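Here are a few exercises to work through with the sequence and the model open side by side. Try each task before you read its solution.

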Amino acid sequence: MRTIAVLTSGGDAPGMNAAIRAVVRTGLDKDLEVMGIQRGYSGLLNGEIFRMDRRSVADIIQRGGTMLRTARCEEFKTEAGRKKAYNILKTFRVDGLVVIGGDGSFRGAQLLSKLGIATIGLPGTIDNDLPYTDYTIGFDTAINTVLDAINKLRDTSTSHERVSVIEVMGRNCGDIALYSGLAGGAESIIVPEKGYDQNTLCRTILEGKMRGKMHNLIVLAEGIGGAEELAKKIEEITGMEARATKLGHIQRGGSPTCMDRILASRMGYKAVELLSQGKSSRVVGINGGKIVDMDIDEALAVPRKFNVELYKVANVLSY
Ligand code: ADP
Ligand code: F6P
């Protein structure tokens, strides 16, 4: 292994920059040449590759987004596209590639490794939807951003004695809603893993009001209906005023939290260690506080597990 490269792919996540910095500096520490690839697989196919040094990753650990930019690329999903990517990597003498992204990006990395490029995946997504790892890079920052919004919405909801429906991201995974909802003291957390019944929800709201609750905060994960629609339904059924807030892409930005910076730094370090040990087709994760690695196919086959315990705690405490 003499030359390695790093790219970010799919949706961006706070902490991706800290991971890039860790890959670059660990690689240089091991006397490897390190290349950055811009705009994910799309930039790779366009030959957007440049050499990185220690200074090229200075002043980025605290920044959200990704200095390498990111993209989604249909061409890379084709065999011809990946063959082209392989040839370009060989032109730049790249033997190892670190891919920072989600499950789609990992599938691409796995197929590329079959062509002869050593690949290592780092979980970069705010969704926390990769079950082989306890946490993904960006999740902690995203839930703290949501928490800040919940705190603010609580103020105004209390003043007006309103119901507030807060829609958060997560694709098909309810973790952002679950963690931020529990931490924010939400009255109800609605996630795709559990589903919900509108009548039961409205009854809970009315009973809460009878017990003297001054507001009713509902954190709703995307993928199970929209906040606007639900707020209207709640007004219709309960007669209470309800407002909807869709937090949207605010959740993807911002300076990464301490947790995300440390996670990204440890994972980036591990990725280069694996490449320099001649490993390929693996992803890095964290389990019980320990950094681990796993075969990409095995990692992607780990079944999704919803944290029932947290959900139960949230329900008990919100009464
Ligand atoms: P994420 O990595 O966050 O899950 P996407 O699913 O959009 O995001 O995937 C990012 C990119 O990874 C895609 O645009 C594509 O270039 C590549 N990719 C996704 N799925 C595959 C696949 N099955 N085979 C090859 N490449 C893929
Ligand atoms: O995967 C991260 C994520 O932010 C999801 O939570 C959301 O559903 C999706 O990406 C939004 O994607 P886009 O960047 O295309 O708007």
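**Exercise 1.** Find which residues surround ligand 2 in this predicted model, and sort them by character.

*Solution.* Start by collecting residues with a heavy atom within 4 Å of the ligand. For ligand 2 this gives Arg72, Thr125, Ile126, Asp127, Met169, Gly170, Arg171, Glu222, His249 and Arg252. Next, sort the shell: two of its residues are nonpolar, three are polar and five are charged.

**Exercise 2.** Work out which side chains place an N or O atom close to an oxygen atom of ligand 2, using 3.5 Å as the cut-off.

*Solution.* Take three residues of the shell in turn.
- Glu222 has a polar side-chain atom 2.6 Å from an oxygen atom of ligand 2.
- For Asp127, the distance from a side-chain N or O atom to a ligand 2 oxygen is 2.7 Å.
- Arg252 also takes part, with a side-chain N or O atom 2.8 Å from an oxygen atom of ligand 2.

Then look at the cover: on its own, ligand 2 has 400 Å² of accessible area, and the protein covers 74% of it.

**Exercise 3.** Where does ligand 2 lie with respect to domain 1 and domain 2?

*Solution.* First note the bounds: domain 1 is 3-138 + 256-301, and domain 2 is 140-253. Both domains give residues to the shell around ligand 2, so the ligand lies between them. As for the surface, ligand 2 sits in the largest pocket.

**Exercise 4.** Now turn to ligand 1: which residues come nearest, and which helix gives the most to its shell?

*Solution.* The shell holds 16 residues, and Arg72, Cys73, Gly102, Asp103 and Ser105 come nearest. Helix H4 (residues 103-114) gives the most, with six residues. By character, the shell has four nonpolar, seven polar and five charged residues.

Continue with the polar contacts. A side-chain N or O atom of Ser105 is 2.5 Å from an oxygen atom of ligand 1. The backbone contributes too: a polar backbone atom of Gly102 is 3.0 Å from a ligand 1 oxygen, and a backbone N or O atom of Gly104 is 3.0 Å from an oxygen atom of ligand 1. Taken alone, ligand 1 exposes 550 Å², of which the protein buries 83%.

Finally, place the ligand: ligand 1 sits in the largest pocket.

Terms used. Residues are numbered from 1 along each chain as its sequence is written. Chains are lettered from A and ligands numbered from 1 in the order in which they are written. This is a predicted model: local features need pLDDT of at least 70, side-chain atom pairs count only at pLDDT 80 or more; totals for chains, interfaces and linings use all residues. Side-chain values use heavy atoms; hydrogens and water are left out. A polar contact is a pair of N or O atoms within 3.5 Å; within protein, one must be able to donate a hydrogen and the other to accept it, and residues adjacent in sequence count only if both atoms are side-chain atoms. Accessible areas come from the Shrake-Rupley method with a 1.4 Å probe; for residues, only the protein chains shown count as cover. On a 1 Å grid over the protein atoms alone, a cavity is a set of points where a 1.4 Å probe fits but cannot get out, and a pocket is an open set with protein on both sides within 12 Å along at least five of seven lines; lining residues have an atom within 4 Å of a point. A molecule sits in a cavity or pocket if more than half of its atoms lie within 2 Å of its grid points. Ala, Val, Leu, Ile, Met, Phe, Trp, Tyr, Cys and Pro count as nonpolar, Asp, Glu, Lys and Arg as charged, and the others, Gly among them, as polar. Domain bounds come from an automatic or database domain assignment. Helices (H or I, at least four residues) and strands (E, at least two) are DSSP runs, numbered from the N terminus.
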